[in-house]
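User: Can you walk me through this model? I'd like the overall build and then a few residues.

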Amino acid sequence: MTPTPQRLFINGEWTEPADGHYEVVDPATEETVGLAPEASRAQVYEAATAARDAFATWSRTRPEERAAILDRAADLMQRDFLANAALAQAESGATTGTARGMQVAVGAARYRRYAKGALEPVEEAIAPQINEAGPMGRAGIFGALAVRQPVGVVTCITSYNNPWANPAGKIAPALAMGNTVVVKPAPQDPLSVYRMAEALAEAGVPAGVVNVVSGSAPGVGEAAVDSPAVDMVSFTGSTAVGQRIAEVCGRSMKRQLMELGGKGAAVVLDDADLDSAVAGIGTTFSFYSGQICTAPTRVLVQRAVHDALIEKLTAYAGYLTVGDPTAKGTVVGPVISAAHRDRIESYVELGRKEGARVVTGGERPDPTGRGFYVAPTLLADCTNDMRVVREEIFGPVVVVVPFDDEEEGIALANDSDYGLIDYVWSGDVARAFRVARRLRAGGVGVNTIGRNMEAPFGGFKRSGVGRDVGSYALHAYSELQSIVWPG
């Protein structure tokens, strides 16, 4: 049975794509999930213009109205929860638990969070200031307000590793603040984002407030960035693509929110609970099959516990079932595409050539006879100058580098182009916090890979620009305006 071709969502209408359709492929079965629309440059510009036209009205709607729409959208996403999760799983190759619990459930939860966020105060009083008479006017006491205003039209370019949580984390806070959006989903799994648009439309989002345009060609994303109607670009993806987007934004001073690559350092000190460290680091092997920028992929371990940690990580990898993500008991599903599988495998081979020892993995698993699978792989005997240590692999591959003392561990952790999230494991909490404060990363987990979802999220160095999550996302999608008056 031929799947129904998906249409673009522009100005509240489901629109036929000018450049036809392309196949969305299930990474586990290599079968066609659906046909995604290929927008033309003109259609992307049309979507941005629609967003611009809708902004004047939407930005002036009462916060309570925006909150109600976001809440209704969350209700509708939950109503169709199982169908939404099945689609996300088919597109992304996520395991059933991940598709349900970390993709759709988190996506709906973010709409609920920003329904509340729409009601957060946008005005902050500034302490009065006494000014003496002078060239600027008479003496007086001047009051001031800092007011957060919506930026305008926001292009949201989303990642393939989570087609629900990542778009929701952009669209929901942007709408809550009164912005309008053009969403350009990842080409590998865009159908879930159209499902999200269906929920928003049914929830009552006015025409033009939300627009979704997709395409497999780079031109679609380029148009979504360079459109004169766009005021801001929010991007999640690779550092290389982020740099190109930033260059275009810079020419017209568009605002940016960039969540880019990561090569998270896990600093394991000699007094660490190794089982806890392994449980955290081991998620790189399994969670999204390592396709996550926050993964602790770069393990820096104090030499006294190096061999014990290697042994435990090897055992952990051996417990993980690789296979059909829809099957009960599967822990590691496929990666997103054949091209990405080949890229990961080329890094493992590069590691061998650089002198790393493949402790486990390194061979292509074939659990079903089809699909884009990569075995959990552990590389030991690594040094910090190896490319497998310095570059983001974005797969179920962990590299291990030993160090002698705390100072060396900190230096190695900071000797990276990236700085998204690092981790510290130590039995001495004061020691762990001391080390954490010296790491050049946007976030640090101390004896955990868990996150506080109200804490600011973003990176140092080439891991990004800006912060979002919690109320910080509302700040990210707003401009500060000062209003001053004489007392």
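Analyst: The overall build comes before the single residues.

User: What kind of model is it, and what are the cut-offs?

Analyst: It is a predicted model, where local features need pLDDT of at least 70, side-chain atom pairs count only at pLDDT 80 or more, and totals for chains, interfaces and linings use all residues. Residues are numbered from 1 along each chain as its sequence is written, and side-chain values use heavy atoms, with hydrogens and water left out.

User: How many helices and strands are there?

Analyst: The protein chain has 16 helices and 22 strands. These are DSSP runs numbered from the N terminus: H or I with at least four residues for helices, E with at least two for strands.

User: How does the radius of gyration compare with the globule rule?

Analyst: The protein chain has a radius of gyration of 24 Å, close to the 23 Å from the globule rule for 487 residues, so it is as compact as a globular protein of that length. The radius is taken over C-alpha atoms, and the rule is 2.2 Å times the number of residues to the power 0.38. The C-alpha trace spans about 70 × 70 × 40 Å along its principal axes.

User: What share of the residues is buried?

Analyst: Of the 487 residues, 55% are buried. Buried means under 20% relative accessible area, exposed means over 50%, and partly exposed is in between, with a 1.4 Å probe and protein chains only.

User: And the surface?

Analyst: About 20100 Å² of the protein chain is exposed, and carbon and sulfur atoms supply 53% of that. The areas come from the Shrake-Rupley method with a 1.4 Å probe; for residues, only the protein chains shown count as cover.

User: What about contacts far apart in sequence?

Analyst: Taking contacts between residues at least 6 apart in sequence, 72% join residues at least 24 apart. Contact means heavy atoms within 4.5 Å.

User: Which residues have the most contacts inside the largest nonpolar core?

Analyst: They are Tyr111, Leu175, Val181 and Leu200, in a core of 72 residues. Another core lies apart from it, with 35 residues, among them Phe285, Val299, Leu378 and Val398. A nonpolar core here is a set of buried Ala, Val, Leu, Ile, Met, Phe, Trp, Tyr and Cys residues joined through side-chain atoms within 4.5 Å.

User: What does Leu200 touch?

Analyst: Leaving aside neighbours within four places in sequence, Leu200 is in contact with Ala73, Tyr111, Ile171, Leu175, Val205 and Val210.

User: Met196 caught my eye too. Where is it, and is it buried or exposed?

Analyst: Met196 is in helix H6, residues 191-203. Met196 is buried, at 0% relative accessible area. Not counting residues up to four places away in sequence, Met196 touches Met77, Tyr111, Pro163, Trp164, Pro167, Ala168 and Ile171. Its C-alpha atom is 8.3 Å from that of Ala73, with the two positions 123 residues apart along the chain counted as their separation.

User: Change of topic: which residues of H7 are buried?

Analyst: In helix H7 (residues 218-226), the buried residues are Val220, Gly221, Ala223, Ala224 and Val225. Their cover includes helices H1 (41-58) and H8 (239-252), along with strands E7 (153-157), E8 (180-184) and E10 (232-236).

User: Where is Val213 placed?

Analyst: Val213 sits in the loop between strand E9 (210-212) and H7. Val213 counts as buried, at 0% relative accessibility. Beyond neighbours within four places in sequence, its contacts include Leu8, Ile10, Gln43, Lys184, Tyr194 and Val220.

User: Thr294 is in a loop as well. Buried or exposed?

Analyst: Thr294 is buried, with a relative accessible area of 11%. Its loop runs between helix H10 (283-286) and strand E13 (298-302). With neighbours within four places in sequence set aside, Thr294 is in contact with Leu420, Ile421, Tyr423 and Phe457.

User: Which phi values should I look at?

Analyst: Most residues other than glycine have a negative phi, and most peptide bonds are trans. Asp381 has a positive phi, near 60 degrees, and Lys461 has a positive phi of about 50 degrees.

User: Where are those two?

Analyst: Asp381 is in the loop between strand E15 (377-380) and helix H13 (387-390), and counts as partly exposed at 40% relative accessibility. Lys461 is in strand E20, residues 460-461, and is partly exposed at 38% relative accessibility.
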